[in-house]
Amino acid sequence: MLVIGIAGGTGSGKTTVVNKIINSLPPGEVAILPQDSYYKDSSHIPVEERSKINFDEPASIEWSLLVEQLKTLKDGKAIEMPTYSYLTCTRQPETIRVEPREVVIVEGILVLTDPTLRKMLDVKVFVDAEADERLIRVIARDCVERGRTPQMVLDRYISVLKPMHEMYIEPSKKAADLIVPQGGNNVVAIQLLTDYIESRLRKN
């Protein structure tokens with residue numbers, strides 16, 4: 001099993017990179033573990049307080065569960081991956097069954113910040129993009145998917161996203177084996193990564 005960690009700032013193009021890798025490999029060879037599925041449950045917090053939750057710091061993630069489930073996949077056993085709702089800020093009762101695959105991609109903004117998880121990654125990738133490009137994508141996404149207004153997104157960017165990016169996400173770039181500038185638009189870097197994955201699969 002080849003385990004790949006793909007990190008990068010919010011709106012950097014991580015999902016685009018992941019999708020291009022998946023589409024270039026034979027169907028059924030890749031399993032995805034999104035970091036967002038492992039946010040800690042906040043159902044015990046009053047509803048009016050949940051909008052203040054900081055999703056961009058490592059403490060918001062249940063790393064122990066992510067590591068445990070990744071170990072289970074590496075042992076050749078299926079897992080029940082949790083699901084999380086940004087609308088209610090709670091973990092959902094539904095789970096998603098994930099079977100072990102030749103390639104497992106762990107994707108999320110903070111993936112390279114956790115030392116235990118980092119040691120389990122065979123390839124560590126950081127998807128990079130200019131701050132203004134990331135902000136534009138975040139505004140477009142959060143207004144559609146998370147019910148926020150542009151002003152709410154801008155306020156959150158200034159108070160949370162930008163300082164957390166500088167404190168946690170940007171420094172984690174140093175742990176990367178491969179940095180992909182220009183996000184999902186970097187065809188050459190994505191092709192190099194895909195070629196490497198295919199060569200590892202052939203070797204195994």
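This report walks through the sheet, the aromatic cluster, one unusual backbone angle and the two largest pockets of a predicted model.

## The central sheet

Let's start with the strands. Five of them build an open sheet with parallel pairing, in the order β2-β5-β1-β6-β7. At the edges stand β2 and β7, each with a single partner strand, so one side of each has no neighbour in the sheet. From one strand to the next, the twist averages 20 degrees.

The individual pairings can be followed across this order. On the β2 side, β2 and β5 (residues 103-107) run parallel and share 5 bridges; here P34 has E107 in β5 as its bridge partner. Further along, β1 (residues 2-8) is joined to β6 by 5 bridges, again in the parallel sense, and I6 stands opposite V125 of β6. At the other edge, 3 bridges connect β6 with β7 (residues 178-180), which also run parallel. In that pairing V127 faces V180 in β7.

## A covered strand: β6

How many residues of β6 are buried? The count is 5 of 5 for this strand, which spans residues 123-127. In a regular strand, side chains alternate between the two faces of the sheet.

The side chains of β6 can be sorted by direction. V123, V125 and V127 point one way, K124 and F126 point the other way, and all are buried. Two of these residues have already appeared in the pairings: V125 sits opposite I6, and V127 sits opposite V180.

## An aromatic cluster

The model contains 3 aromatic pairs. A pair of aromatic rings is described by the distance of the centres and the angle of the planes. For Y39 and F55, the ring centres are 5.0 Å apart and the planes meet at 80 degrees; an angle over 60 degrees counts as edge-to-face, so this pair is edge-to-face. Y39 belongs to the loop between β2 (30-34) and α2 (47-50), while F55 belongs to the loop between α2 and α3 (63-74), so the contact ties together parts that are 16 residues apart in sequence. Y39 is buried at 3% relative accessibility, and F55 is buried too, with a relative accessible area of 4%.

F55 has a further ring partner in Y84. Their centres lie 6.1 Å apart with planes at 75 degrees, so this pair is edge-to-face as well. The link again spans distant parts of the chain, as F55 is in the loop between α2 and α3 and Y84 is in strand β3 (residues 79-85), 29 residues away. Both F55 and Y84 are buried. Taken together, Y39, F55 and Y84 form one aromatic cluster.

## An unusual phi at C89

Most residues other than glycine have a negative phi. C89 departs from this: its phi is positive, at about 60 degrees, although the residue is not a glycine.

Where does C89 lie? Its place is in the loop between β3 and β4 (90-98). With a relative accessibility of 7%, below the 20% cut-off, C89 counts as buried.

## The largest pocket

Rolling a probe the size of a water molecule over the atoms shows where empty space is left. The largest pocket has a volume of about 590 Å³. Its lining is made up of 29 residues, and K14, T15, D36, E107 and R141 are the ones nearest the centre. One of these, E107, is also the bridge partner of P34.

Which elements give two or more residues to this lining? They are α1 (14-24), β2, α5 (131-145) and α6 (150-172). The largest share, 5 residues, comes from α1. By class, the lining holds 10 nonpolar, 11 polar and 8 charged residues.

## The second largest pocket

The second largest pocket has a volume of about 390 Å³. It is lined by 17 residues, with R50, S51, K52, R148 and M152 nearest its centre.

At least two lining residues come from each of α2 and α6, and α6 gives the most, with 5 residues. Sorted by class, this lining has 9 nonpolar, 2 polar and 6 charged residues. Helix α6 therefore appears in the linings of both pockets, since it is listed for the largest pocket and for the second largest pocket.

Note on methods
Residues numbered from 1 in each chain as written. Predicted model: local features only at pLDDT ≥ 70, side-chain atom pairs only at ≥ 80, totals over all residues. Heavy atoms only, no water. Phe/Tyr/Trp six-rings, centres within 6.5 Å; stacked < 30°, edge-to-face > 60°. Helix = DSSP H or I, 4+ residues; strand = E, 2+ residues; numbered from the N terminus. Buried < 20%, exposed > 50% of the residue type's maximum accessible area, 1.4 Å probe, protein only. 1 Å grid on protein atoms, 1.4 Å probe; cavity = no way out; pocket = protein on both sides within 12 Å on 5 of 7 lines; lining within 4 Å. Points joined across faces, edges and corners; volume = space filled by probe spheres on them. Nonpolar A, V, L, I, M, F, W, Y, C, P; charged D, E, K, R; others polar. Pairing = 2+ DSSP bridges. Axes fitted to C-alpha atoms, helices over the stretch in contact; angles between N-to-C directions.
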